[in-house]
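Let's take a walk through this one together. Have the sequence and the 3D view ready, and we'll go piece by piece.

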Amino acid sequence: MQLQLQNLCKQYGTKRAVNHVNATLVPGVYGLLGANGAGKTTLMRMISGVLKPTSGNICLNGKTIEELGERYYTHLGYMPQDFGFYPDFTAWEFMLYMAAVKGLDVKTAKARTEQLLHMVNLYDVAGKKVKSYSGGMKQRLGIAQAELNHPSILILDEPTAGLDPKERVRFRNLISDFAKEKIVILSTHIVSDVSYIADTILMMKAGNFLLGEPMATVTNGIRGKVWEVLMDPRRAAEYSRRFSVVNLHHENNMVRLRIVSDTAPAADACTVEPSLEDLFLYHFGENVQGERSGHYAD
Amino acid sequence: MLIKYEFLKILRKKSTIIVMAISLLLTAFLFGLPILQYQTYNQDGVIKGFDGIAYEKEQAQNVSGPLTDAYIAETVAEYQRLFENPDNVGTDGNESFLIGDAYWNFEAPRDKLLSLIASVYDAPGEHSGLSKLPGLDMTDGVSYYQRLHEKVQTLLNTPSRELSTEQREYWSNMSSKVETPLQYGYHEGWEIILTSFELLMFALLAVCIVIAPVFSGEYQAGTDAVILSGKYGKTKLVTAKIISSILFGLLAFTLHIIVAFGLPLAAFGTDGWDLPLQIAGVTIPYPFTFLQAVLINLGVVYLVLLAMIGLTLLLSAKMKSPYLVLIVLVPVLFIPLFLSPNGTTGAYNLTLFLLPYRATMPEIGKYVSYQIGGMVFDALSMRAILYAILTAIMLPLARLGFKKHQVA
């Protein structure tokens with residue numbers, strides 16, 4: 001199975017949200033990283049067939065979405081970002097409704113719903129209305145509905161947003177369980193989420209793919225560009241303004257800084273093994289540093 | 001399955017229950033008002049509510065029967081005979097009228113019947129009540145129904161009506177199909193229904209409010225992305241949404257109809273269902289009984305309902321929020337309420353008679369007609385055609401609107 005994105009563009013007025021994206025995706029987990037506004041959600045909506053590209057094509061095994069029609073959607077499972085539920089439906093009813101939308105017959109729908117609700121640990125509360133669910137429960141229901149039709153393409157847009165660390169771990173494991181022999185595209189700006197489960201990292205910036213590398217080698221490009229240095233707090237404050245600081249850790253009266261920089265930030269700085277987070281900061285720079293500061297605990 | 005769940009989606013909402021409850025209560029109140037306010041009089045004073053209805057019904061039943069020329073002549077002669085006795089006549093300076101036993105024993109039970117008879121002798125636009133009856137010459141050899149025919153012809157030829165030859169012929173033909181002699185009898189319940197159809201606008205609005213979120217609610221809640229990426233999201237689901245909306249609309253509206261018609265019919269009885277419309281307005285050209293007229297107009301109202309459902313769904317598919325849908329829809333439904341016709345011809349009046357509010361009113365005695373080439377349509381037929389066409393246009397457009405919706 002091959003999903004091809006051919007010269008994909010989406011223009012909103014004068015803004016180009018997705019700019020000539022080309023990629024060939026085969027089964028595996030793709031972590032789609034990018035700062036807010038990078039074009040991740042727009043790209044995922046186009047792949048999900050709910051947003052028409054301004055130009056370019058999406059092909060599954062050589063056939064475009066238009067050519068495949070309904071058949072394309074039988075391959076698709078989509079969990080949009082912040083998607084709403086029907087608050088007055090129970091989880092059971094919601095799943096059966098989604099199964100009907102996905103074209104499953106009643107018998108299969110019931111069996112699959114039961115199986116999935118067990119998998120996402122919601123079976124015991126399946127009779128409760130969705131409006132009574134916590135954020136994490138709703139997210140689990142979201143992925144369960146995406147899996148209803150055994151999709152070969154699973155698109156998850158920010159599935160872990162708003163979840164506490166425990167829920168996020170549980171969610172990551174769920175995704176890993178569902179990912180076998182599928183093309184899974186997992187969008188997030190929480191780097192640690194993808195570092196655990198992605199086979200390939202796709203990094204998006206200004207509507208285009210900045211890089212697409214296997215997880216194992218993705219940080220090779222910044223090897224020798226991640227530094228650690230111990231300094232006094234006054235100097236550390238100055239360095240925080242001048243460099244892309246990934247981490248800042250107080251040790252007694254000193255501060256240990258982790259810096260991403262092409263050159264050594266200080267004579268006493270030493271290189272360390274780069275992480276995905278370092279790579280993210282290397283490419284997205286200071287404009288995302290504040291935004292990401294809340295995620296260092298991940 | 002999809003229709004079931006889409007129907008459930010509509011029914012489960014708290015807002016649906018609240019809107020329907022308010023609308024049903026309002027409909028019950030409006031159609032119950034003629035019962036609550038009903039009062040009639042006898043020699044002992046006022047009789048209110050159900051007692052008044054029972055008294056009036058008994059009085060009317062005593063004068064029921066075919067309005068033959070002989071019976072009409074006899075009734076007028078009796079009225080004139082009573083009028084000849086000065087003891088029976090009172091005056092307010094301008095008009096003379098029967099008083100005392102002559103009034104209570106003869107005129108009061110026949111008040112509506114006498115008005116009906118007298119109205120034939122009024123010129124078009126004139127409403128002289130019973131004042132012409134004492135001086136009527138019933139021995140001129142011209143029957144009551146000949147007079148009626150002449151009056152209809154005079155009405156049709158009134159220059160201000162601006163009726164074409166084809167339109168005059170259309171109405172004349174229709175009027176000639178009214179069976180005579182007219183059967184007279186009690187018909188209060190049906191008359192209340194026929195004159196209260198426009199009150200169903202609140203039920204119509206309630207249906208539109210409930211189905212306004214069918215598509216736009218998905219956009220607002222953010223569920224559009226997930227359902228549109230399903231296999232049937234752009235095909236069978238859209239059909240299911242439309243069918244469930246229509247189904248809900250028809251059921252909810254029918255519930256309102258049961259309440260609206262049930263109350264007056266329960267209170268006033270179903271008497272008069274088979275009587276001709278002309279006993280409520282002698283120049284009405286439609287050769288229908290009360291039941292037929294109510295059913296035919298109800299059919300038109302259902303077509304208006306379907307078209308309004310179509311319009312609501314179209315707006316819902318095109319707009320981002322149910323509130324925006326209602327901002328457009330409410331004026332469409334209610335602005336005509338503040339516009340009054342100034343005649344029965346001209347683009348303004350003819351348009352007004354087709355707009356949703358007026359389209360619910362039977363307007364059976366106004367000779368409103370539309371001519372397309374050589375073809376003439378009365379208001380009821382024109383409304384039926386128009387709203388059927390609008391439904392046929394708007395439902396596919398609503399379907400297309402959701403199908404083409406872009407999640408952005």
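Why is strand β13 (residues 254–260) of chain A largely enclosed by the rest of the structure? Because five of its seven residues are buried. Keep in mind as you look around that this is a predicted model.

Now look at what sits beside β13(A). Strand β11 (residues 226–231) of chain A pairs with β13(A) in the antiparallel sense, over six bridges. You can pick out one spot in that pairing: Met231(A) stands opposite Val255(A). Strand β12 (residues 244–251) of chain A is also antiparallel to β13(A), with seven bridges between them. Here, Asn247(A) is the residue opposite Arg258(A). β12(A) and β13(A) make a hairpin, with two residues between the strands. In that turn, Asn252(A) has a positive phi of about 55 degrees.

Let's step back to chain A as a whole. Its domain assignment gives domain 1 (3–214) and domain 2 (220–295). Their C-alpha centres are 33 Å apart.

Next, head for the start of chain A, where there is another sheet to trace. This one is open and has four strands, in the order β2-β1-β4-β5, with antiparallel pairing. At its edges are β2 (15–25) and β5 (63–64) of chain A, each pairing on one side only. Further in, strand β1 (residues 3–12) of chain A runs antiparallel to strand β4 (residues 55–60) of chain A, and five bridges join them. One of the residues to find there is Leu3(A), whose bridge partner in β4(A) is Leu60(A). Helix α1 (residues 40–47) of chain A lies across β1, β2 and β4 of chain A, at about 55 degrees to β2(A).

Moving along chain A, stop at Phe178(A), in helix α7 (residues 165–178) of chain A. Is Phe178(A) buried or exposed? Phe178(A) has 22 C-beta neighbours inside 10 Å, so it counts as buried. Leaving aside neighbours within four places in sequence, Phe178(A) is in contact with Glu147(A) and Leu154(A). Glu147(A) is 31 residues away along the chain, yet the two C-alpha atoms are separated by 7.6 Å.

Time to bring in chain B. Its domain 1 comes in two stretches, 2–37 + 186–403, while domain 2 covers 65–162. The C-alpha centres of these two domains of chain B lie 40 Å apart. Where they meet, seven residues of domain 1 of chain B are in contact with 11 residues of domain 2 of chain B. On the domain 1 side, the residues divide into three nonpolar, four polar and no charged.

So how many residues of chain B are in contact with chain A? There are 23, and they are in contact with 25 residues of chain A. On chain B's side, the elements giving two or more residues are α1 (2–12) and α11 (224–228) of chain B. By class, that side has 12 nonpolar, seven polar and four charged residues.

Finally, let's look at the nonpolar interior. In soluble globular proteins, nonpolar side chains tend to be buried together. Here the largest nonpolar core has 196 residues, and those touching the most other members are Met95(A), Leu186(A), Leu204(B), Val207(B), Ile211(B) and Leu313(B). The element that gives the most to this core is helix α13 (residues 290–318) of chain B, with 17 residues. To end with a close-up, try Met95(A): beyond four places in sequence, its contacts include Thr113(A), Leu116(A), Leu117(A) and Ala144(A).

Conventions. Residues numbered from 1 in each chain as written. Chains lettered and ligands numbered in written order. Predicted model: local features only at pLDDT ≥ 70, side-chain atom pairs only at ≥ 80, totals over all residues. Domains from an automatic or database assignment. Core = buried A, V, L, I, M, F, W, Y, C linked by C-beta atoms within 7 Å. Buried ≥ 20, exposed ≤ 12 C-beta atoms within 10 Å, placed from the backbone. Contact = placed C-beta atoms within 7 Å. Nonpolar A, V, L, I, M, F, W, Y, C, P; charged D, E, K, R; others polar. Pairing = 2+ DSSP bridges. Axes fitted to C-alpha atoms, helices over the stretch in contact; angles between N-to-C directions.
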